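Visitor: I would like a close look at one part of this protein, the nonpolar core and the aromatic rings. Could you walk me through that part slowly?

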Amino acid sequence: MQNNLNIVSKSPSSFRGAFCLFLLFIGITSFAQSQLKFKELKKNFGFVKKGEVVIIEFEFVNSGNQPAIITEAKVECSCTTVEFPKQPIAPGQSEKIVVKFDTKTVYDRQDRTVEIISNSKNASQKIRFKGVVLNK
């Protein structure tokens, strides 16, 4: 009985070529991302009377080369609500996030943070607002 055994050997240069193509693909896809760039990450609303609703707008642009999608905005307390674009934000497009801070249950110095979660390179970003709530 005769064994027909075919051995296929790949040359090191073909393996090296495939590996280089793989690294090139990884490099290209890692640069293809959205990126949210905020005009300001911190805002001061000054002095307000207890019971007022403070509205603060944070402007940003998608400075990446892929659409950005904001999936969530995490707040510290129920006194803060956040409105953000639900649709994808195209590269180069400007948008805004609107934060509403209801002061009816707080007073004195306030320093609050909102965490913005998205598909961008900087997937988790914090925006901050502060001010003083006067107790009538």
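Guide: Here is a short tour of the core, followed by the aromatic rings. Please keep in mind that this is a predicted model.

Let's begin with the core. The largest nonpolar core is made of 24 residues, and I97 and I116 are those with the most contacts inside it. Several strands supply this core with two or more residues each: β1 (36-38), β2 (42-49), β3 (53-62), β4 (70-74), β6 (94-102), β7 (108-118) and β8 (124-134). The most comes from β3, which gives 4 residues.

Now find I97 in the picture. Leaving aside residues up to four places away in sequence, I97 touches F38, I56, E57, F58, F60, I70, V82, E83, F84, I116 and I127. Among these neighbours is I116, the other residue named for its contacts inside the core. Keep F38, F60, F58 and F84 in mind too, as we will come back to them.

Next, the rings. The structure holds 4 aromatic pairs, and we can visit two of them. In general, a pair of aromatic rings is described by how far apart the centres are and by the angle of the planes. For F38 and F60, the ring centres are 5.3 Å apart and the planes stand at 45°, so this pair is tilted. The pair links distant parts of the chain, with F38 in strand β1 and F60 in strand β3, 22 residues apart. Both partners are buried: F38 has a relative accessible area of 9%, and F60 has a relative accessibility of 3%. Buried here means under 20%.

The second pair is F101 with F129. Their ring centres are 5.2 Å apart and their planes are at 65°, so the pair is edge-to-face. Because F101 belongs to strand β6 and F129 to strand β8, this pair ties together parts that are 28 residues apart in sequence. F101 is buried at 0% relative accessibility, and F129 is buried with a relative accessible area of 1%. There is a third ring to look for as well: F45 forms one aromatic cluster with F101 and F129.

Finally, let's return to two neighbours of I97, F58 and F84, and look at what sits over their rings. K43 lies over the face of F58, at 5.6 Å from the ring centre. Over the ring of F84 you will find the charged end of K86, 3.7 Å from the centre of that ring.

How values were computed. Residues numbered from 1 in each chain as written. Predicted model: local features only at pLDDT ≥ 70, side-chain atom pairs only at ≥ 80, totals over all residues. Heavy atoms only, no water. Core = buried A, V, L, I, M, F, W, Y, C linked by side-chain atoms within 4.5 Å. Buried < 20%, exposed > 50% of the residue type's maximum accessible area, 1.4 Å probe, protein only. Contact = heavy atoms within 4.5 Å. Phe/Tyr/Trp six-rings, centres within 6.5 Å; stacked < 30°, edge-to-face > 60°. Lys NZ or Arg CZ within 6 Å of the ring centre and 35° of its normal.
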